[in-house]
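Dear colleague,

I am handing over the structure below, and I would be grateful if you could look through it before reading my notes.

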Amino acid sequence: MRIGPLIAVFLISTLCQELALADPSPSELQAARDLFAQASKDEERQDWAGALEKLKRVASIKTTPGVRSHIAACEEKLGQLVLALADYTAAESLAKRQNNGEVLAAIADPMAKL
């Protein structure tokens, strides 16, 4: 099985989801911020599965390059390498569109390793 087509399908579906989402309400954004803070604490404790679950919920509200890169890092730590590479690639695409050099710098090394 070739990985390239799988990543392409994943990226296309991710981008379509982003385009289909309506702007989140202020209360939804606050909930996403709270979840992200909880996920960050999970990451500090190396609870990768707990963090990943919360980060996916954050992404369902609002996807950013940073959220996507954290999802990828958790997947990488859990050994889900194909998913991690796809999410790092999605984070890279979003970061380039938003001119987010901080995320691009942060994901360069993990992407190269995968």
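The notes that follow concern one helix, its packing, and a pair of helices.

This is a predicted model, in which local features need pLDDT of at least 70 and side-chain atom pairs count only at pLDDT 80 or more, while totals for chains, interfaces and linings use all residues. Residues are numbered from 1 along each chain as its sequence is written, and side-chain values use heavy atoms, with hydrogens and water left out.

Helix α2 (residues 26–44) has 19 residues, which at 1.5 Å a residue should span 27 Å, and its end C-alpha atoms are 27 Å apart, in agreement; helices here are DSSP runs of H or I, at least four residues, numbered from the N terminus, and the expected span is 1.5 Å times one less than the number of residues. The buried residues of α2 (buried meaning under 20% relative accessible area, exposed over 50%, with a 1.4 Å probe and protein chains only) are Ala32, Leu35, Ala39, Asp42 and Glu43. They cover an arc of only 90° around the axis, judged by the directions from the helix axis to the C-beta atoms, which puts them on the same side of α2. These buried residues pack against α3 (48–61) and α4 (65–77), with contact meaning heavy atoms within 4.5 Å.

The axes of α3 and α4, lines fitted to C-alpha atoms over the stretch in contact, with angles running from 0 to 180 degrees between N-to-C directions, come within 9 Å and cross at roughly 150°. That makes α3 roughly antiparallel to α4, a term used for angles over 145 degrees.

Best regards

Terms used: Helices (H or I, at least four residues) and strands (E, at least two) are DSSP runs, numbered from the N terminus. Angles under 35 degrees count as roughly parallel, over 145 as roughly antiparallel, 65 to 115 as roughly perpendicular and the rest as oblique.
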